[in-house]
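Visitor: I'm new to this one. Could you walk me through it?

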Amino acid sequence: MSRPFERISDVVRIGLERHRRGFFSQAEDIYLEVLDSSPSHPEALYFLGVLALQADRPDLAVDRLCRARMIDDRAGGAFQEHLGLAWQALGRPAEAEACFRDALARQPESARSFAGLCAAVGGQGRWHEVDRLLAAHGCPVPVRFRVPGSGRAVVALTIDDGPTADTTPRLLEALARFRATATFCLVGHRAERHPELVRAMVAAGHEVAAHGFSHRSFPDLDAAAIAEELETTEALLRTIRSTPCLYPVRLPFGQGWADPRVHAAVRAWSARAFFAHWTFDLKDWAISARHMDREAAAEAIDLAVGRLLASPDLDRAVVLLHDRPIDNPSPHAGWVSVTMLERLLAALTGQGYAIRSLSAAAHADEVH
Ligand SMILES: [Zn+2]
């Protein structure tokens with residue numbers, strides 16, 4: 001974690017030490033103690049804001065970071081970057097963009113601020129500007145954060161990491177009940193084991209696309225291995241449906257969309273591929289990892305869905321959910337996914353939104 005202030009008081013330094021070692025609640029106690037004796041302590045407020053962001057409480061993070069900035073406006077690039085991430089997580093890309101631009105002016109080499117700026121600009125649908133920013137960084141593959149076009153109340157739904165025998169059928173049942181379609185971003189080694197589930201997805205009108213074969217992070221692989229991850233998975237899928245002309249590549253862990261090496265490898269694999277990123281990550285994977293009892297998990301699900309519905313940028317957003325997430329040992333990960341999907345579908349249809357796959361949402365304007 002970089003330091004946004006020139007001098008850090010000794011007490012805050014002790015909190016920071018705990019914070020860096022992952023003792024988040026101890027760190028929070030120390031920062032709160034500092035605030036008790038000195039209510040407008042900008043460093044304590046700043047680090048409390050960072051903790052709130054790490055705990056997936058962007059509303060609280062924005063509040064604390066803005067208060068810190070009002071007290072001490074000498075805040076540096078790292079500070080603006082965190083505030084940008086918090087606005088972005090709240091679904092407020094215009095505010096996020098201003099923060100990331102300020103952060104980049106102070107720290108032009110920050111990859112995280114650059115990625116944040118691209119996501120914030122893309123989150124407002126300004127594709128050409130994102131493409132120009134990326135091209136200037138040697139990244140030629142288009143990255144999409146939202147559904148193109150305008151009009152009709154539509155949300156694109158993407159479901160990663162399937163198929164799995166225990167969760168996929170329940171997801172398909174919920175989608176059918178709400179007359180919704182989705183894009184399933186499939187992991188090749190799971191699809192290989194369950195081609196019948198992929199066939200069921202396609203038969204029900206859903207879109208399927210490759211999310212890597214082994215789910216390894218693309219920036220860790222060489223160009224040949226990246227192409228193999230995509231081709232081996234797509235070779236399975238094309239036995240079930242024809243390869244889409246515009247190919248949505250969902251990167252494992254969402255990593256590599258601002259990495260020139262990953263761009264070159266994916267462009268070599270397909271001239272028509274684009275990176276299908278997302279506007280909102282509902283973090284079902286974190287909820288099932290963090291909450292061991294279902295009551296607490298259900299509360300976190302309601303909070304996440306409520307935050308999504310409150311966003312002013314919901315129309316034409318791309319939402320990320322998971323089938324049973326890769327590398328998540330929680331026994332109720334599947335239950336979290338299904339419950340999250342059901343509550344999301346009920347909330348969105350209740351507000352008049354159509355829920356569609358990426359390609360169907362892009363053509364929603366033509367459907368009446
Ligand atoms: Zn994944």
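Visitor: Which domains is the protein chain divided into?
Guide: Keep in mind that this is a predicted model. With that said, the division of the protein chain gives domain 1 (10–122) and domain 2 (143–366).

Visitor: Which helix gives the largest share of the side of domain 1 that touches domain 2?
Guide: The C-alpha centres of the two domains lie 29 Å apart, and their contact takes 9 residues from domain 1 and 9 residues from domain 2. On the domain 1 side, the classes are 6 nonpolar, 2 polar and 1 charged. The largest share there, 6 residues, comes from helix H7 (residues 111–122).

Visitor: Are H12 and H13 parallel or oblique to each other?
Guide: Helix H12 (residues 223–237) packs with helix H13 (residues 260–269), their axes 9 Å apart and at an angle of about 50°. Angles from 35 up to 65 degrees fall outside the parallel and perpendicular ranges. H12 and H13 are therefore oblique.

Visitor: How many charged residues are in the contact of H12 with H13?
Guide: H12 brings Ala 223, Ile 226, Ala 227, Leu 230 and Glu 231, while the H13 side includes Val 262 and Trp 269. By class, the contact has 10 nonpolar residues and no polar ones, and the charged count is 1.

Visitor: Which residue in E6 stands opposite Val 143?
Guide: The open sheet has 3 strands in the order E1-E6-E5, with parallel pairing. Its edge strands are E1 (143–144) and E5 (247–249). E1 pairs with strand E6 (residues 273–276) over 2 bridges, and opposite Val 143 stands Phe 275.

Key
Residues numbered from 1 in each chain as written. Predicted model: local features only at pLDDT ≥ 70, side-chain atom pairs only at ≥ 80, totals over all residues. Axes fitted to C-alpha atoms, helices over the stretch in contact; angles between N-to-C directions. Helix = DSSP H or I, 4+ residues; strand = E, 2+ residues; numbered from the N terminus. Parallel < 35°, antiparallel > 145°, perpendicular 65-115°, else oblique. Contact = placed C-beta atoms within 7 Å. Nonpolar A, V, L, I, M, F, W, Y, C, P; charged D, E, K, R; others polar. Pairing = 2+ DSSP bridges. Domains from an automatic or database assignment.
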